[in-house]
Amino acid sequence: MEHRTVRMEEMKIREEEGKRRLEGYFSVFDQPYEVVPGWVETIAPGAFDRALRSGQDVKVLWNHDTNIVLGSTENHTAELREDARGLLGDVEINENDQDAKNAYARVDRGDVKGCSFGFEISRMEESWDEDGTYRTRIMEVYPLYEVSPCTFPAYAQTSITARAREQLETAREKLAKAQEQKRSQWREKMMARLKGE
């Protein structure tokens, strides 16, 4: 499972018909995100469409903690949808759950402004800039497991970041092999021409 952790856009609280809710954008389209230094990623509009249409249950967790479930799309205590800007979601606060009330209070006071989501990439484009920057564009997320308000939008020592560094190195190795193969083919072509073949 992949994770991306960013600052949540327009995170806010609201009260409606006596029910308190947290809402905001868990992902914004076409916003550059530095996975690790040297790797920049964006998410394409429509990337969540298949996951949302599938009807699969997506949990809203607190800090990816599966013991603290704030809501669920399956039982309609959470809602996720795409608009032109990104993945917008909201979750109804369970007034009988102290963890949910604590989460609401932390966001209300502005102590927590980050978010993250757990997912698999089913379709992606990749390219390299001339300066060596690796660029990926997520075209489709499937499945989408969870979204989380989270305390630290980026933390360099996590196992997630270590895995991302390994992926970047693998991508660099693939690029180097492809470039060497092109050079080798060019050399063979030139040698054949010199020999009059």
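Helices, of at least four residues, and strands, of at least two, are taken as DSSP runs and numbered from the N terminus. On this basis the chain, examined here as a predicted model, contains 3 helices and 11 strands. From the beginning of the sequence to its end, these elements succeed one another in the pattern β-β-β-β-β-α-β-β-β-β-α-β-β-α. The chain is more spread out than a compact globule, because its radius of gyration is 21 Å, well over the 16 Å that the globule rule gives for 197 residues. Along the principal axes, the C-alpha trace spans about 85 × 35 × 25 Å. Of the 197 residues in the chain, 39% are buried. When contacts between residues at least 6 apart in sequence are considered, 65% of them join residues at least 24 apart.

An open sheet is formed by 4 strands, arranged in the order β2-β3-β9-β8 with antiparallel pairing. The edges of this sheet are occupied by β2 (9–16) and β8 (78–82); each has a single partner strand, and therefore one side of each is left without a neighbour in the sheet. On average, and with direction ignored, neighbouring strands of the sheet are turned by 15° against each other. The edge strand β2 is joined by 6 bridges to β3, which comprises residues 19–28, and the two strands run antiparallel. Within this pairing, glutamate 15 has arginine 20 of β3 as its bridge partner.

Helix α2 covers residues 98–108, and its buried residues are Ala100, Ala103, Tyr104 and Val107. Viewed down the axis of α2, these buried residues fall within an arc of 100°, so they line one face of the helix. The strands against which the buried residues of α2 pack are β2, β3, β6 (59–62) and β7 (65–72). Two of these strands, β2 and β3, also belong to the open sheet described above.

Both ends of α2 show local features of note in the backbone or side chains. At the start of the helix, a side-chain oxygen of aspartate 97 comes to within 2.9 Å of the backbone nitrogen of aspartate 99. Beyond the helix, α2 is followed by glycine 110, which has a positive phi, near 85°.

Notes
Residues numbered from 1 in each chain as written. Predicted model: local features only at pLDDT ≥ 70, side-chain atom pairs only at ≥ 80, totals over all residues. Heavy atoms only, no water. Pairing = 2+ DSSP bridges. Axes fitted to C-alpha atoms, helices over the stretch in contact; angles between N-to-C directions. Buried < 20%, exposed > 50% of the residue type's maximum accessible area, 1.4 Å probe, protein only. Arc of directions from axis to C-beta. Contact = heavy atoms within 4.5 Å. Polar contact = N/O pair within 3.5 Å; in protein donor to acceptor, adjacent residues only side chain to side chain. Rg over C-alpha atoms; globule rule 2.2 N^0.38 Å.
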